[in-house]
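Colleague: I would like to go through this model with you, one question at a time. Please give the reasoning before each value or name.

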Amino acid sequence: MKADPKGVLTGAHYLDGDHAAAEGALAAGCRFLAGYPITPSTEVAERFAARIPKVGGGVFIQMEDELASMAAILGGAWAGKKSMTVTSGPGFSLMMENLGLGIMMEVPLVLINVQRGGPSTGLPTLPGQADMMQARWGSHGDYEIIAICPSSPQEAFDYMITAFNFSEKYRVPTLVMMDECVGHMTEKVVIPPADEIEITPRKEYTGPPEEYLPYLPDKDMIPWMTKAGDGTRFHTTGLTHDEKGYPVMNADCQETLVRRLVDKIRTNADEIAILEEEEIDGADVVLISYGISSRVAIPAIERARREGLKVGSLRLVTVWPFPETRVRELAKNVKALVIPEMNYGQVYYEIERCAAGNARTVLVPHAGGWVHDVDDIYAGIKEGLK
Amino acid sequence: MSEAIETARTYLRPSKKLPTVWCGGCGLGIILSAMIRAIARVGVEKNDVAVVSGIGCTGRMPTYVDFNTLHTTHGRALAFATGIKLARPSLTVIAAMGDGDALAIGGNHFIHACRRNIDMTAIVANNSIYGMTGGQYSPTTPHGKRGTTAPYGNVEHAFDVASLAAGAGATFVARSSVYHARELDRLFEKAIRHKGFSVVEAVTNCYTSYGRLNNHASPVEMLRWMKENSVPFAAAAKMDPEELEGKFTRGVIVDRELPEFIESYDEQASALAENPVAVEQVGNILRRFDAAAERLNPKSG
């Protein structure tokens, strides 16, 4: 299906990452944003609020907090609108509660986290990448989730559409993990015509209304969705539930449900994995990075190559589910994997796990507040070659 | 009686087996049936009703009724309901909550929902206790009354739910009790018909947790207490505060008109779409964004 042209601001623009993400959401067909102001993500909400009346058929609301924002977009999605919210670290923590409800109810939605330095209030106006494990495990209980990391305003636009498409396809909340640098940097953003934007439609139930079972899985493990008011009256709950959506309090039902919630993502991990590879063949060292760190790493990689070192690059656009297959394979063919991230080891430990002793893993940590020093990444590459 | 059976058959889910999770003597069934009678009288189609709840005994209410029903997280029913209503305004949206759900963990959502005046209805089943978790004191447990976490009597003071809703700006506020079951369904009906945010407090009894801890002899005795200790709002206006001590008032407390959120939002949106001056305003906002971007990097082009 192609994008609805009403939401697509076709043309070449000069936008920051936050504004580009808002345009990406509108182009993807998002028509409901409930949010709460927080630096450095607020501009997404501001742009959406300004644009949505003109796009038509949508609404923006500023809720009383992030708990409410997340709850409201779950409601919006169940009433048939593509829905999103946007926040940063402290708000992300509050959203974890209803993110879990979204996972349990299998609600397609997009949550942007424009990461800043933490813990707690941390550095509101400066970048971080330290919410990556919270993105994976932040809500209680066991689950799989999708998280993607743009590294430029153009990608903020492009990957918002991808995020909505993933969320619809797999009926799972999808996280767009930006950072303050990507959110606030201003670059050229080209928005294509609507008929060049591919949209994954909601997996809507079309059978007889009285036969609708909200949690009867299809062959691909994903149940058909409906919307309130379409005649398919349904029940949904955060409790462990059967195919009818009714609560069932026992271990068998828990096993069936949680297993499916995990497997519907895990078995599709290779399909969800968006990776950018460069000069991997014959490389001795491969630098694995995501978000703004991928761009900061470029001069370090170039410098190493000028010195004749064989350095490849693997950029993770999809971080969750972790692109395990590719990293395992890679570890068998190189001496070392070097990982710069703005934290003291988060995605690094996933890479170390997948390397399984086949390659050295070198973490280049940074607490956030600014991007890495190129020299530190270069030193990490040298360390990997020792 | 046959009409009651007919209503029950129409609105209770055939696929959901009874009995309910609620204890014998619980007032929640009376609230549920009053809600059903009210919806039947308003005449709205089952497909067009969404009932949202949070957590606790009242949280289980939607499971039994044949509408679009959503059982959400503790305290968040109104926030969730807000999303449903904004995304599909044609739905009649009802949030059913207990006192802990609506006023403790959900207190902030409650007052902001009152303030926003979105056309939906909040039912607060007030039994003055956390029933499902076994009798801990709640924001409406009266001063001095016992809960398992107030074993010597509650040292805190209770919210007056209706006054709180009125003070926060709800445009329809009413209260009755499960003893006054007929009055309750009339008030629910008025609330659902009201254009704007409506709150109905349904005073109810939790014999299992509250009653036993506070020396009530039986559920029936608790209903009798409601009968003997409630005063219609109009009559209460003529009574001294001393006479009203320990009693609650019943009836419609607030009923006023105020622009409704969705109507105001849509008016604004259609003005923006049709009015050339307004279209220009949107353009100006976008140009301001662009100008800010230019300032950040003057090398653009």
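Modeller: One cut-off first: a residue is called buried when its relative accessible area is under 20%. The model is predicted.

Colleague: How many residues of strand β12 of chain A are buried?

Modeller: Strand β12(A) covers residues 285-289. On one side are A:Val285, A:Leu287 and A:Ser289, and on the other are A:Val286 and A:Ile288; all are buried, and both faces are covered. The strand is therefore largely enclosed by the rest of the structure, and the number of its residues that are buried is five of the five.

Colleague: In which order do the strands of the open sheet that holds β12 of chain A follow one another?

Modeller: β12(A) pairs in the parallel sense with β13(A), residues 311-316, over five bridges. β12(A) also pairs in the parallel sense with β15(A), residues 336-341, over three bridges. Four bridges join β11(A) to β13(A), and these two run antiparallel. The pairing in this five-stranded sheet is mixed, and the order is β11-β13-β12-β15-β16.

Colleague: Which are the edge strands of that sheet?

Modeller: An edge strand here pairs on one side only. The twist of the sheet averages 20 degrees from one strand to the next. The edge strands of chain A are β11 (275-278) and β16 (360-365).

Colleague: Which residue is the bridge partner of A:Ser289 in β13(A)?

Modeller: Bridge partners can be named for several strands of this sheet. A:Val286 has A:Leu337 as its partner in β15(A), and A:Glu278 stands opposite A:Ser313 in β13(A). For A:Ser289, the bridge partner in β13(A) is A:Arg315.

Colleague: What angle does α10(A) make with β13(A)?

Modeller: β12(A), α10(A) and β13(A) make up a right-handed β-α-β unit. α10(A) lies across β11, β12, β13 and β15 of chain A. Helix α11(A), residues 324-331, lies across β11, β12, β13 and β15 of chain A too, running at about 135 degrees to β15(A). For α10(A) against β13(A), the angle is about 170 degrees.

Colleague: With which side chain does the side chain of A:Ser293 make a polar contact?

Modeller: A:Ser293 lies in helix α10(A), residues 292-306, and counts as buried because its relative accessibility is 1%. Leaving aside neighbours within four places in sequence, A:Ser293 is in contact with residues including A:Pro340, A:Glu341, A:Met342 and A:His372. The polar contact, at 2.8 Å, is with the side chain of A:Gln129.

Colleague: How far apart are the centres of the two domains of chain A?

Modeller: Chain A is divided into domain 1 (11-196) and domain 2 (275-384). Across the two, 28 residues of domain 1 of chain A are in contact with 23 residues of domain 2 of chain A. Taken over C-alpha atoms, the centres are separated by 26 Å.

Colleague: And in chain B, how far apart do the C-alpha centres of domain 1 and domain 2 lie?

Modeller: Domain 1 of chain B has the bounds 3-257, and domain 2 of chain B has the bounds 264-296. Their C-alpha centres lie apart by 42 Å.

Colleague: Which residue of chain B is in contact with A:Arg51?

Modeller: A:Arg51 lies in helix α2(A), residues 42-55. It is buried, with a relative accessible area of 5%, and its side chain makes a polar contact with the side chain of A:Glu23 at 2.7 Å. Leaving aside neighbours within four places in sequence, the contacts of A:Arg51 include A:Gly7, A:Leu9 and A:Leu26 from chain A, and from chain B, B:Leu286.

Colleague: Which are the edge strands of the nine-stranded open sheet?

Modeller: The order of this sheet is β10(A)-β2(B)-β1(B)-β3(B)-β4(B)-β8(B)-β7(B)-β10(B)-β9(B), with mixed pairing. Each edge strand pairs on one side only, and the two are β10 (235-237) of chain A and β9 (230-232) of chain B.

Colleague: Which residue of β10(B) stands opposite B:Ala174?

Modeller: β7(B), residues 172-177, and β10(B), residues 248-255, run antiparallel and are joined by four bridges. Opposite B:Ala174 in β10(B) stands B:Val252.

Note on methods:
Residues are numbered from 1 along each chain as its sequence is written. Chains are lettered from A and ligands numbered from 1 in the order in which they are written. This is a predicted model: local features need pLDDT of at least 70, side-chain atom pairs count only at pLDDT 80 or more; totals for chains, interfaces and linings use all residues. Side-chain values use heavy atoms; hydrogens and water are left out. Buried means under 20% relative accessible area, exposed over 50%, partly exposed in between (1.4 Å probe, protein chains only). A polar contact is a pair of N or O atoms within 3.5 Å; within protein, one must be able to donate a hydrogen and the other to accept it, and residues adjacent in sequence count only if both atoms are side-chain atoms. Contact means heavy atoms within 4.5 Å. Domain bounds come from an automatic or database domain assignment. Two strands pair if DSSP finds at least two bridges between them. A crossover is right-handed if, with the strands pointing away from the viewer, the path from the first strand over the helix to the second runs clockwise. Axes are lines fitted to C-alpha atoms, for helices over the stretch in contact, and angles run from 0 to 180 degrees between N-to-C directions.
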